[in-house]
Amino acid sequence: LAKGLFSAAAIQSGACIASTLADAKEKGDLYISGIGCRVGGAVDEASCLRAKDAKTLVESAFTGSPLE
């Protein structure tokens with residue numbers, strides 16, 4: 001659908017900080033543990049995260065979180 005419409009692209013909203021898959025998994029594991037959702041399985045962890053309110057999820061990601 002978009003083939004031929006673009007010849008280049010530019011990042012204009014800040015730096016692109018990429019991490020390895022291993023680093024991303026480690027940060028995700030730390031976040032899940034820090035928010036109290038390390039319950040022993042992806043399905044259970046997803047259910048736990050869904051049960052958290054948005055304020056808790058955001059605050060855990062930006063203040064004193066294991067992601068720092």
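Biologist: In this predicted model, where along the chain is G36 found?
Modeller: The helix that precedes this part of the chain is α1, and just after α1 the residue G36 takes a positive phi of about 85°. As the model is a predicted one, that angle is a computed value, and G36 itself is found in the loop between α1 and α2.

Biologist: Is G36 buried, partly exposed or exposed?
Modeller: The relative accessibility of G36 comes to 48%. A residue would need under 20% to be buried and over 50% to be exposed, so G36 counts as partly exposed.

Biologist: Which overall pattern of secondary structure does the protein follow?
Modeller: The protein comes to 3 helices and 0 strands. One of the helices, α1, has 14 residues and reaches 20 Å from its first C-alpha to its last, which is close to the 20 Å expected at 1.5 Å a residue. Read along the sequence, the pattern is therefore written with helices alone, as α-α-α.

Biologist: How many disulfides does the model hold, and which residues does a disulfide join?
Modeller: The cut-off for such a pair is a sulfur separation within 2.5 Å, and the count under this rule comes to 1 disulfide. The sulfur atoms concerned lie 2.1 Å apart, and they belong to C37 and C48.

Biologist: Which parts of the chain does the pair of C37 and C48 tie together, and how many residues apart are they in sequence?
Modeller: The link of C37 and C48 is left-handed, with -75° about the S-S bond. C37 lies in the loop between α1 (21-34) and α2 (42-51), whereas C48 lies in helix α2, so the pair ties that loop to that helix across a sequence separation of 11 residues.

Biologist: Which residues make up the largest nonpolar core?
Modeller: Membership requires a residue to be buried, and both cysteines meet this, C37 with a relative accessible area of 0% and C48 with 17%. Of the 68 residues of the protein, 12% count as buried. The largest nonpolar core has 5 residues in all, namely Y31, I32, I35, C37 and C48.

Biologist: Which residues does C48 touch, not counting those up to four places away in sequence?
Modeller: G36 and C48 are 12 residues apart along the chain, and their C-alpha atoms are separated by 8.3 Å. Contact is judged on heavy atoms within 4.5 Å, and on that basis C48 touches G36 and C37.

Biologist: With which side chain does the side chain of E45 make a polar contact of 2.6 Å?
Modeller: E45 has its place in helix α2, where it counts as buried at 10% relative accessibility. Leaving aside neighbours within four places in sequence, E45 is in contact with I32, C37, R38, V39 and G40. The polar contact of 2.6 Å joins the side chain of E45 to that of R38.

How values were computed
Residues numbered from 1 in each chain as written. Predicted model: local features only at pLDDT ≥ 70, side-chain atom pairs only at ≥ 80, totals over all residues. Heavy atoms only, no water. Core = buried A, V, L, I, M, F, W, Y, C linked by side-chain atoms within 4.5 Å. Buried < 20%, exposed > 50% of the residue type's maximum accessible area, 1.4 Å probe, protein only. Helix = DSSP H or I, 4+ residues; strand = E, 2+ residues; numbered from the N terminus. Expected span 1.5 Å × (residues − 1). Polar contact = N/O pair within 3.5 Å; in protein donor to acceptor, adjacent residues only side chain to side chain.
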